[in-house]
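Me: I have a structure to go through and some short questions about it. Can you take them in turn?

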Amino acid sequence: MNRTDVVVIGGGQSGLAAGYHLRRLGIDFVILDAHPEPGGAWQHTWDSLRLFSPAAYSSLPGRLMPPQAGETYPEAAHVVSYLTDYEQRYELPVVRPVRVTGVHREGELLRVETDSGTWRARAVVSATGTWSRPFLPAIPGRTEFQGTQLHTVEYDSPAAFTGRRVIVVGGGNSGAQIAADLAYDTTLTWCTLREPRYLPDDIDGRALFDHATARRRALDEGRTDTGGVASLGDIVAVPPVRVARDAGLLKAQPMFDRITPAGVSWADGTAADADAIIWCTGFRPALSHLAPLGLRGPRGHIPTTGTEAVGEPRLHLLGYGDWTGPASATLIGVGRPARDAARALAGLLR
Ligand code: FAD
């Protein structure tokens, strides 16, 4: 039997940030990660993805991300190298590949069932991200389409779509970046629920983090909600998006109403034929391993106070989205909630 004080589930950036702070506080812990290699979701993003912040503003606690030679906004592979180095540098005890299948209450302890045995711990940090739960909206006719359908998680590069008619769905960062990627060598139709909202060109991840923090502070102090990052816009205008937009190649259409065998159609009778539909429609938190604890609240989230699960102080949630801390699903933003979670657990274990 494996026994430790804290099991951290997930060895992406959120799990590593938790590990950094748990180590500093002298807490005994292990990180269980389903991936065979370090780097979390960054191992799977599309080829042209660029971070929306310069390296130094995309850093985890303790160690600045070094700049990538020749690139202001680093590539995903650079993040993978950084995370690989990070876990080695701080000697974080990551065990992989281990997939956690369920967390159960067992008296004073939590029992963590995995595909490689059982761990027992006094507390658990869940940091499993969202990448493994792609979300697709329910649109009539989706199963009738004769072409190819894929989600952001399956998209690599424009090479497979050269000369083809492609519909990209989604007005967020993934939709804009993938539409920009495809704008040159395909017949592109970009469909968004509302007119694309670009953030001012000079705003990058650092400003977003400051904005998210100011909002959290305002809410904590009972002041008016500043509206958070979403009030600024939906799309960070990273250089490739800016170039395609300014060249007039990113003209968005309203969302279609139906999928047909040949493509998509709108209620006014217009239609667009397509060889492929790429769904850049977001993700949901990967929380199924926590189902045995019966903590699920509205919208599939587990309600939290800060990072602590309401009704189960032995469980903390890290990453996922703003509901576990301002900008906690970003590299620069996860450090603070990770520190707070580790401190709370140190108090609990004392
Ligand atoms: P992940 O990186 O997904 O890591 C979770 C880990 O948990 C994985 O290794 C997985 O194998 C493991 N896991 C999952 N389930 C289990 C289980 N049951 N048992 C054991 N292990 C499990 N952020 C920025 O700061 N800058 C950006 O420019 C930026 N761009 C982004 C672009 C895109 C397209 C997306 C989707 C996100 C972007 N983000 C960006 C947001 C964020 O940084 C990433 O989503 C990040 O990967 C989240 O890290 P994480 O550790 O919470 O989750």
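Me: What does a backbone N or O atom of Leu-331 lie 2.8 Å from?
Reply: An oxygen atom of the ligand. That is a polar contact, meaning a pair of N or O atoms within 3.5 Å; within protein, one must be able to donate a hydrogen and the other to accept it, and residues adjacent in sequence count only if both atoms are side-chain atoms.

Me: How much of the ligand's accessible area does the protein cover?
Reply: 90% of the 990 Å² that the ligand has on its own. Accessible areas come from the Shrake-Rupley method with a 1.4 Å probe, and for residues only the protein chains shown count as cover.

Me: Before I go on, where do the numbers come from?
Reply: This is a predicted model, where local features need pLDDT of at least 70 and side-chain atom pairs count only at pLDDT 80 or more, while totals for chains, interfaces and linings use all residues. Residues are numbered from 1 along each chain as its sequence is written, and side-chain values use heavy atoms, with hydrogens and water left out.

Me: Which residues come nearest to the ligand?
Reply: Ser-14, Asp-33, His-35, Phe-52 and Ala-329, out of 29 around the ligand. Near means that a heavy atom of the residue lies within 4 Å.

Me: And what does Phe-52 offer the ligand?
Reply: A polar backbone atom, 2.8 Å from an oxygen atom of the ligand. Gln-13 instead has a polar side-chain atom 2.9 Å from a ligand oxygen.

Me: Switching topic. How is the chain divided?
Reply: Into domain 1 (2–132 + 283–349) and domain 2 (142–198 + 234–279), with bounds from an automatic or database domain assignment.

Me: How much area is buried between domain 1 and domain 2?
Reply: About 1,000 Å², with 64% of that from carbon and sulfur atoms. Buried area is the accessible area (1.4 Å probe) that two parts lose on being put together, summed over both.

Me: Which three residues of domain 1 supply the most of its share?
Reply: Trp-46, Phe-52 and Phe-283, with 52% of the area that domain 1 buries against domain 2. Phe-52 also has that backbone contact with the ligand.
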